[in-house]
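Trainee: Could you take me through one part of this structure in detail? I would like to see how the surface and the packing beneath fit together.

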Amino acid sequence: MKFYIGLALQLIGFSSVGLCLYSGLTVGDYGQLELIQFIGGSGLFYIGTALRSR
């Protein structure tokens, strides 16, 4: 079960970072919201990686 929860966290984190990069490229500037989204998505991705490896 930890594998699937970790995989879900990785997918959510990866998509969050992808949306952050996309919105920053379309607007041309990264704001505070994009920074928070990037850090949160990266954190979720690494937490998911840690859960999957156990």
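**The nonpolar patch and the helices around it**

Mentor: Let's start on the surface, where Leu21, Leu25, Tyr30, Leu35, Phe38 and Ile39 make a nonpolar patch of about 610 Å². Please keep in mind that this is a predicted model. Helices α1 and α2 each supply at least two residues of the patch, and the largest share, three residues, comes from α2. Tyr30 sits in the loop between α1 and α2. With a relative accessibility of 42%, Tyr30 counts as partly exposed, because the partly exposed class lies between the 20% limit for buried and the 50% limit for exposed.

It helps to place the patch in the whole chain. The chain has two helices and zero strands, and its C-alpha atoms fill a box of roughly 40 × 15 × 10 Å along the principal axes. Of its 54 residues, 20% count as buried. The chain exposes about 4,100 Å², with carbon and sulfur atoms supplying 73% of that area.

Now follow the chain through the helices. α1 has 26 residues, and from its first C-alpha to its last it reaches 37 Å, close to the 38 Å expected at 1.5 Å a residue. Just after α1, Gly28 takes a positive phi of about 100 degrees. Then comes α2, residues 32-53: at 1.5 Å a residue, its 22 residues should span 32 Å, and its end C-alpha atoms are indeed 32 Å apart.

What lies on each side of α2? Glu34, Gly41 and Gly48 are buried. Seen down the axis of α2, its buried residues fall within an arc of 55 degrees, so they line one face of the helix. Those buried residues pack against α1. On the other side of α2, Gln32, Ile36, Ile39, Tyr46 and Ser53 are exposed. Ile39 is a name you have met already, as one of the residues that make the nonpolar patch.

Turn next to α1, where the buried residues are Gly6, Leu9, Gln10, Gly13, Ser16, Val17, Cys20 and Gly24. What covers them includes α2. Two of these positions deserve a closer look.

Gly13, in helix α1, has a relative accessible area of 1%, so Gly13 counts as buried under the 20% cut-off. Leaving aside neighbours within four places in sequence, Gly13 is in contact with Gly41, Leu44 and Phe45. Gly41 is itself among the buried residues of α2. You can also relate Gly13 to the patch residue Ile39: the two are 26 residues apart along the chain, and their C-alpha atoms are separated by 9.3 Å.

Ser16 is also in helix α1, and at a relative accessible area of 16% Ser16 is buried too. Setting aside neighbours within four places in sequence, Ser16 is in contact with Gln37 and Gly41. Gly41 therefore appears in the contact lists of both Gly13 and Ser16, where contact means heavy atoms within 4.5 Å.

One last figure puts these pairings in context. Among contacts in the chain between residues at least 6 apart in sequence, 71% join residues at least 24 apart. As you turn the model, try going from the patch, to which both helices contribute, to the buried residues of α2 packed against α1.

Methods. Residues are numbered from 1 along each chain as its sequence is written. This is a predicted model: local features need pLDDT of at least 70, side-chain atom pairs count only at pLDDT 80 or more; totals for chains, interfaces and linings use all residues. Side-chain values use heavy atoms; hydrogens and water are left out. Helices (H or I, at least four residues) and strands (E, at least two) are DSSP runs, numbered from the N terminus. The expected span of a helix is 1.5 Å times one less than its number of residues. Buried means under 20% relative accessible area, exposed over 50%, partly exposed in between (1.4 Å probe, protein chains only). The arc is that of the directions from the helix axis to the C-beta atoms. Patches are made of residues with over 30% relative accessible area and no salt bridge: like charges are joined within 9 Å, nonpolar side chains (Val, Leu, Ile, Met, Phe, Trp, Tyr) within 5 Å. Accessible areas come from the Shrake-Rupley method with a 1.4 Å probe; for residues, only the protein chains shown count as cover. A salt bridge is a side-chain nitrogen of Lys or Arg within 4 Å of a carboxyl oxygen of Asp or Glu.
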